[in-house]
Each structure stands twice: as C-alpha cells, then as structure tokens.
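Here is a short tour in questions and answers. Please have the model open as you read.

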Amino acid sequence: MARWSLILLIVSLSAPLVARAQVPHATFERGDLILSLESGPILWRLPDGTPRGTLVSRVAGTGEGMAFDSSGRLFVARWRTDSFGITHDAVEVFNTFGVSSGEAGGGYNCGPHAIVFDVTDTAYVGQGGCRGSILKFVPGAVAPTEFLVAPDNAGAFWIDLAADGCTIFYTSFGPNVKRFDVCAGVQLPDFNVASLPGGIAQDLRVLPGGGVLVSSGDVVARLNPAGVLVQTYAVAGDGGLWAGLDLVGDGTFWVANYHSSNVYRFDLATGTVLSGFNTGTPPNSVVGLRVRK
C-alpha cells in the first residue's frame, strides 16, 4: 500500500510538468511561429519558440513574406532567377501538415514579396520589384487583377489589409507607411504623419483599433490611428534591421532581426521583451515571420 501511495505521489508531482511542456504536433496550430530564411528554408517553431522542424520545399527560391489562409495552409513568396537573369518568381503553398503542394497562382512579373488574405480567402500579393504592383487573386478567377501603387523605393514590399477589407497598408523600403484602396482602385495619402524613425520601413501589421505596428531600421514603431508615432521598441545591443513581425493576439508580438537572426517577443503595451531566441542561422537570413492564428 505504501509503495502504491508513493507511485501516486510521484505521478501527481510530475503531471503539471508534463502539462506545461510544448509537445510537437502534426499540423500547424494556434500560436505556432513560422520563419522564412532568405536562403530558402522555412522554420516551424512552437508557440514558445521551441524548434518543431524545417519544411521541405518543392519550389526553389528565397524565402520572403508569408500568410496563412482560412484553412490553415501556409503560402510563401519566393524569388528566383535563372542563369540567364530571367526571373521565375513564385508563391509556394504548404498544407496544414506543412507538406508542400507546389506553386500557387501565377502572373507574377517581378519580386512577389508579401501576402495577405481577406475574409473570403481572396489573396493580395505585394511585389517589390519591376512594376512594384499589388496583385489580387480571387478564388476561381483565371488571372489576377493588378493595382499599380505609388512606391518609395521598392514597390509594395510588405503589405497588410485593414479591417474594412479595402485598404492595403504597405511599405516600400522607405520612411513611410503607404495606403491603397483596392475596392475603389485609388491611391490614398500616406498613413504616417512624419517620416518613420530609421527610414527603412519593413513588415507591418494593422492593429485592432486602427493603429499600425511597423519594423523600421533599428526600431519597431507603433503609430496610433491618426498616424502619429506613439511608441518604439528595441533591444539594447541588437540594432540593425528589424524585418518580419506579427501579432500573437494576446497583447504581444514577435519580431525578427535580419542582421543578427535573433527573434524576440515583446509586450505591446509596455515594450518589455518577454522572450527570445537565435535561429542558429547566419546573419542576414531571417526575413518573414508569421504566427498561426
């Protein structure tokens, strides 16, 4: 009897530890963190940053911006150029198990870089090079609709869609958060009141309530609904170029530093760094970052 009691005690003490452990799962799940590398690989990590694995790609090219559709499939923009200098850019899609299904869509003219879906699974792809346009892919449509947008330095480099389903917020490797109305097909005034600190705007997310969070040079900047800078986020000793970022949905966000390959989770309200890790990849490699919602 005493031996049985001791076994029950050991089980009861160890059970909470097992419950807190991050257990790898077969499909993308809420909170999972996905990182794209400029060299091509896509890293899959659990919500606490623990490595889950590396996705096996069927499409060659760099790893750029990414997005999940409503079914949980992951779409990754890729750049590739052949030995003759001809581009064969593509978007690769992975199913919910992280298995590549090959290419998705077509008609990219140069540098598809960022992707976002609306509530109907219509996809918008921002192109960083050549025409620098935004392509709209309606499910079932034969060809995309193209919107020519005003650039700073690199077309529609990073994009996000506002809650109205019409306003695309985008950056163009410059000092501004720009906007385009894809419902009316018209360019809108820049969102920011003043040039962003750092002057190299990268990934951005529209915040609940209408503000914008944007990585910009050696800081991450937060703009209020009026486009006024109200807060910046940084890590001492880890400057350089902040790149991909995404909201978790609990008042925190993840952001990757392109130069150091460090990834951090910040408290949105206080700016406190809650956790972080290094991807173990060379400097200048981490580009995109998305959280499975």
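The exchange below covers pockets and one sheet.

Visitor: What kind of model is this?
Guide: Residues are numbered from 1 along each chain as its sequence is written. Side-chain values use heavy atoms, without hydrogens and water, and local features need pLDDT of at least 70, side-chain atom pairs pLDDT 80 or more, while totals for chains, interfaces and linings use all residues, since the model is predicted.

Visitor: Which element gives the most to the lining of the largest pocket?
Guide: A pocket is an open set of 1 Å grid points, over the protein atoms alone, where a 1.4 Å probe fits, with protein on both sides within 12 Å along at least five of seven lines; lining residues have an atom within 4 Å of a point. Here 26 residues line the largest pocket, with Val116 and Phe117 among those nearest its centre. Strands are DSSP runs (E, at least two residues), numbered from the N terminus. With three residues, the top contributor is β8.

Visitor: What is the volume of the largest pocket?
Guide: A volume is the space filled by probe spheres set on the points, which are joined across faces, edges and corners. For the largest pocket that gives about 740 Å³.

Visitor: Which strands stand at the edges of the open sheet?
Guide: Strands pair if DSSP finds at least two bridges between them. The order is β8-β9-β10-β11, with antiparallel pairing. A single partner strand each leaves one side without a neighbour in the sheet for β8 and β11.

Visitor: Which residue stands opposite Ala114?
Guide: Five bridges join β8 to β9. Opposite Ala114, in β9, stands Gly126.

Methods
Helices (H or I, at least four residues) and strands (E, at least two) are DSSP runs, numbered from the N terminus.
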